[in-house]
Amino acid sequence: MSSPPVRSPRPSGHPSPAEYRELLRTHLTPMLERAARSTHLPLSACAESVLARELRASVDLPLFVNSQMDGYAVRSADVAGAGPDSPARLRVVGSVHAGDGPGPGVDDDEACKVMTGAPVPEGADCVVPVEDTIVDVAGPAGGGAASILVHAPRAAGEFIRRPGDDVRAGDVVIPAGVQLRARHLAAAASLGESALDVRPRPRVGVVATGSELVAPGRPLGPGQIWESNSLTLTAALKACGCDVTATLTSSDDRDEFSAALDSAVSGADLVVTVGAVSMGDAEVVRQVLDGRDGSRFAPIAMQPGGPQGISTWRDTPVVCLPGNPVSALVSFVVLLRPVILEAVGRSPVQPVRARLSRDVTSPAGKVQFLRAALGPDSGAGIPVVEPVSGSGSHLVASMARADVLVEIPADVTSLAAGTEVDAVAL
């Protein structure tokens, strides 16, 4: 049995992650209100969007009686006694392919060749697969009329698809709130739908800041690093259902950052900035945006990701994340992702219970989000979770091995191996 957690009183002052998330939600009310309205998009543009209104079938599927196999449409009574040693001989009266009309009717001791998806001719009540037949070109009297020998019996209805077997007109095919995948679009197209009512995708501009940043692939000068935040946030936003309208980088020059904001807000519902939000001398994001209506730049009780900011630019809400890559991604997952998922109509990411693989410590007064890898079942019905690094917000390479965040409450300073914790998927 694991030891109980070591607790410490929570100091007052800074909001918790949950409290700050509500501040963000209020700040992003215009985006949430726009997202609550539906938009009518062609099927080709609906992938990964959330269906705003349920889709009901306007017709039966299949649309008509058709063959499930390549073979011969026959009357089941004519092949009831067929077997390997006593084949039934039937005269072939025609052939029907997918896309053809129903073809000639089938009478006693007759067959019509049909391809998969082809209409089943009038009079036939089953299909004999081609592998259960042998073609006899000469016919019984050698007169040249094609016939087949059927070596297996078939019951009425075998290998025939009938209208309504899949869905009937009026049935709900896709409920509202479903994130549309390829299979949903296939169903909609099969019903003749060319467009669907979906939740609008939030349009988001991304601006990463820092005079030290260099695009990956380019040579570094003294004191420079390769920039990763804009790529990380763009990928994370798209995974949540956003359309990223701009991905920009800016130095710590105020005029350059202001110009980047001007570009980022064009056509956007939200701008996310990364970096320059704390109290240093070159915190250009805070220096340009702090003091505007609705602005807030102050720490929250969270590690990593303490420094946070919100503001507006040209009537567009701006959410300002810290610049360390781990802090930026953890901040997005914990604080902003839940609000965006709400906006696109998707369910929140629910934590799973897991057992710690080893002892961990946590700073008093801050909710820590420990990067970890979720392992197999511990034998107690829940998985083991293995922390992959320390608490440093600069440990970006080690974060690549993590697939969950382990939340450690603000009043807990240590947890023993085996303790059950909440783990949230990255």
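Here is a short conversation about how some labels are earned in this predicted model.

Visitor: Why is Asp 315 called exposed?

Guide: The cut-off for exposed is over 50% relative accessible area. Asp 315 has 79%, so the label exposed applies. You will find Asp 315 in the loop between E21 and E22.

Visitor: And what makes Asp 109 partly exposed?

Guide: Its relative accessibility is 44%. Buried needs under 20% and exposed needs over 50%, so Asp 109, at 44%, falls in between and counts as partly exposed. This residue sits in the loop between strand E6 (88-96) and strand E7 (110-114).

Visitor: What is notable about phi at Asp 109?

Guide: Phi there is near 60°, a positive value in a residue other than glycine. Asp 315 also has a positive phi, near 70°. As background, most residues other than glycine have a negative phi.

Visitor: Which peptide bond before Pro 62 is called cis, and what is its omega?

Guide: The bond from Leu 61 to Pro 62, with omega near -5°. Pro 62 belongs to the loop between strand E3 (55-56) and strand E4 (66-67). Another cis bond runs from Gln 303 to Pro 304, with omega near -10°; Pro 304 is in the loop between strand E20 (302-303) and E21.

Visitor: How do you know that E14 and E17 pair?

Guide: Pairing requires at least two bridges between the strands. E14 and E17 are joined by 7, so they pair, and they run parallel. One of the bridges has Val 204 with Val 244 of E17 as its partner.

Visitor: Why is E17 called an edge strand?

Guide: Both E17 (243-250) and E19 (296-299) pair on one side only. They sit at the ends of the order E17-E14-E18-E22-E21-E19, an open sheet of 6 strands with mixed pairing. From one strand to the next, the twist averages 15°.

Visitor: Which helices lie across strands of that sheet, and at what angles?

Guide: H1 lies across E19, E21 and E22, at about 10° to E21. Helix H5 (residues 254-264) lies across E14, E17, E18 and E21, at about 170° to E17.

Visitor: What makes a group of residues the largest nonpolar core here?

Guide: The members must be buried nonpolar residues joined through side-chain atoms within 4.5 Å. The largest such set has 38 residues, and Leu 233 and Phe 332 are among those with the most contacts inside it. Helix H7 (325-344) is one of the contributing elements, and H7 gives the most, with 12 residues.

Visitor: Which residues does Phe 332 touch?

Guide: Among them are Leu 233, Ala 236, Leu 321 and Ile 340.

Notes
Residues are numbered from 1 along each chain as its sequence is written. This is a predicted model: local features need pLDDT of at least 70, side-chain atom pairs count only at pLDDT 80 or more; totals for chains, interfaces and linings use all residues. Side-chain values use heavy atoms; hydrogens and water are left out. Buried means under 20% relative accessible area, exposed over 50%, partly exposed in between (1.4 Å probe, protein chains only). Helices (H or I, at least four residues) and strands (E, at least two) are DSSP runs, numbered from the N terminus. Contact means heavy atoms within 4.5 Å. Axes are lines fitted to C-alpha atoms, for helices over the stretch in contact, and angles run from 0 to 180 degrees between N-to-C directions. Lists of a residue's contacts leave out its neighbours within four places in sequence.
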